[in-house]
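Let's take a walk through a protein model together. Keep the picture open beside you, and look up each place as we come to it.

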Amino acid sequence: MNPDQQDRSVGAGPTDRLGLYAYLQAREHMRTYLAIMRLFTATLLADLSAGDVAAALASAEREGTVERGESRIENVITRLKQLVEWGNLVQGRREVVAASIAEFQHGSVRYQVSKLAVRVQRDVDELLRVPEGAREVSRELLPAIERGLSQLGKSLATAVQQDQRDPESAAATRARELLAEQVTTLFLQHAELAATVRDFYAYLGQVVTRHHLGADEISGFRNLLVEYIQKVVEDVLRQTPAIAEHLTGRFATARPELLRLLGSTDDLGADVERARGRSAGDWQELTDWFVDRPGRPSQVTVLREATARAIGSLLASVKRATAGGGLLPGRRAELLKLAKWFDDGTAQDGAELYAAAFGMYSSRHLLPAPEHDSDDERTPWSEGPVCDVTVSVRSRSDRGARGRTSRIMDDPITEQSLLAEARQADELRAADVAELAAAAPNLSEVTLSAGALGVLCELLTMAMAQRDGAKDSGAAEDQVRGLTVRIEYAEGVTTQVRSTGGTLTLRDSTLVLSGGGT
């Protein structure tokens, strides 16, 4: 492997790793890049030359999965070098016996796939296999997680006893292996449960937010929500208390001992990705999934709230579809029929349909062209940007603006009345500030008016908000008239401010007023 390439792949930051996805959206030869990456990820420790890749692409070319001519060796070398530049492949060399210089060049340079590229391609293949419908939630894993935590507590007690007797004995080794097996199984079960819940609710959010649903769709989603989601939520809520008790009870205090028996992560280095459950952060994430924390609700609480929102959205859809005095029947079916005409027709048919359906005839450019357009002449319309269809078009086939802009009325009487009220409020504020400024030297001996006390309390509140602790000081200032209120900590000192409405008492504090015209 080239040392520069190795350093680049190892030292790449999180943002640089996004280049590993570049081959999936390449403007040209995307199918060839995808076929090459599938070839490298199909076997373990794949070490292929350009000739090996060309032979494999020749078969794909005959099947029609890649374009003609992509199996030529010069094209294959170009594609492999591009994948190396993106970071998906790394280069290496191997001694070969060749009959010519060209054969030596093609055979001596070997290519291997990087670790992160394997994960990217694995996720891509999995995504392409996922159906569009809902994913079943693995509810049966909830009791398995509860049993696993219960067994883990017993295994941990046994492993601690064996380790205290003789850490090098066969019994202690078997106990640690059993402990590691149960921890790995527990986190795999939780990862599968969390993934199915996320996928199911992502699909649910996709369908319940649609503005118009057909009668058959409403019936199907009603069964999905009322029956299936109810079972999911009931199972989660029934199993959560027992799981939370395990995670926050005595097992939580013994967690450091568990991590010690599983082995420290420091000896392996920071670049080694360990299995789940071998660090305190993994266990905290597992606990947060089932147990609420102040300011951070658990995923169980989020699931319950998401279910309530989904049911509310479905009821709103049913109300829209069945209300007699609501909107006119939706035009979704007609729009889908029009979209099918566009898909089945030719380019000329599409232009005529577009003009007839939306009244968009030959354009007249009245404004300068935009600096950048998101699509181009090589992008099919079906793959271009999606245009949002407004509610009025979907429901009434009406493109006109609803309502009109109201007139701005000139009301001089109201204007003068508001100005007079503002002047009066400003005069009262100035009088209150002046009263406070005059009483500043003898604040404890003066009886303030209700308005002056209100200004003092207002500034005092802002001053106290600046303090991090009871012994800190804080200050606030009236930006218009310059009155400053400062509160400072003074142990044993009590400050009292009398007013016509009562007495303000501040314990262990002193109050200093300055400015405001004094």
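The protein chain holds 18 helices and seven strands. Please keep in mind that this is a predicted model. Of the 518 residues in the protein chain, 31% are buried. There is also a useful figure for how the chain folds back on itself: among contacts with a separation of 6 or more, 62% are between residues 24 or more positions apart.

Let's begin with a pair of helices. Find helix 2, which covers residues 30-41, and helix 6, which covers residues 115-129; they pack at an angle of about 110°, and their axes are 10 Å apart. Angles of 65 to 115 degrees count as roughly perpendicular, and helix 2 and helix 6 are therefore roughly perpendicular to each other. Their crossing is left-handed. Which residues make the contact? Helix 2 brings Leu34, Met37, Arg38 and Thr41, while helix 6 brings Ala117, Val118, Gln121, Val124, Asp125 and Leu128. Sorted by character, the residues of this contact are six nonpolar, two polar and two charged.

If you follow the chain onward from helix 2, you come to a residue worth pausing at. Leu45 sits in the loop between helix 2 and strand 1 (48-49). Its phi is positive, at about 55°, although Leu45 is not a glycine. Why is that worth a second look? Most residues other than glycine have a negative phi. Is Leu45 buried or exposed? With a relative accessibility of 84%, Leu45 counts as exposed.

A second residue of this kind is Asp508, where phi is near 55°, again a positive value in a residue other than glycine. Asp508 belongs to strand 7 (residues 502-514). Its relative accessibility is 31%, so Asp508 counts as partly exposed.

Now let's turn to charged side chains. How many salt bridges does a search of the whole structure find? The search finds 19. One of them joins the side chains of Arg139 and Asp235, with N and O 2.4 Å apart. Arg139 is in the loop between helix 6 and helix 7 (141-165), and Asp235 is in helix 9 (residues 215-248), so this salt bridge ties together parts that are 96 residues apart in sequence. The partners have their own surroundings: Arg139 is partly exposed because its relative accessibility is 27%, whereas Asp235 is buried, at 11%.

Asp235 also has a salt bridge with Arg238, where the closest N and O atoms are 2.6 Å apart. This pair is a local one: Arg238 and Asp235 are three residues apart in helix 9, so about one helical turn separates them. Arg238 has a relative accessible area of 52%, so it counts as exposed.

Salt bridges can also link up through shared partners, and here Asp163, Arg176, Glu257 and Arg260 are joined into one network in this way.

Another acidic residue to look up is Asp288, which you will find in helix 12 (residues 280-290). Asp288 counts as buried because its relative accessibility is 11%. What does Asp288 touch, not counting residues up to four places away in sequence? The residues it touches are Arg293, Arg296, Ser298 and Gln299.

For the last stop, go to helix 17 and helix 18. Their axes come within 8 Å and cross at roughly 80°. That angle makes helix 17 roughly perpendicular to helix 18. On the helix 17 side, Arg429, Asp432, Val433, Glu435 and Leu436 take part, and they meet Gly451, Ala452, Val455, Leu456 and Glu458 of helix 18. This contact divides into five nonpolar residues, one polar and four charged.

Two of these residues deserve a closer look. The side chains of Arg429 and Glu458 form a salt bridge, with an N to O distance of 2.9 Å. Arg429 is in helix 17 (residues 412-439) and Glu458 is in helix 18 (residues 450-465), so the pair links distant parts of the chain, 29 residues apart. Arg429 is partly exposed, with a relative accessible area of 22%, and Glu458 also counts as partly exposed, at 36%.

Technical notes:
Residues numbered from 1 in each chain as written. Predicted model: local features only at pLDDT ≥ 70, side-chain atom pairs only at ≥ 80, totals over all residues. Heavy atoms only, no water. Axes fitted to C-alpha atoms, helices over the stretch in contact; angles between N-to-C directions. Helix = DSSP H or I, 4+ residues; strand = E, 2+ residues; numbered from the N terminus. Parallel < 35°, antiparallel > 145°, perpendicular 65-115°, else oblique. Left-handed = near helix turned anticlockwise from the far one by under 90°. Contact = heavy atoms within 4.5 Å. Nonpolar A, V, L, I, M, F, W, Y, C, P; charged D, E, K, R; others polar. Salt bridge = Lys/Arg side-chain N within 4 Å of Asp/Glu carboxyl O. Buried < 20%, exposed > 50% of the residue type's maximum accessible area, 1.4 Å probe, protein only.
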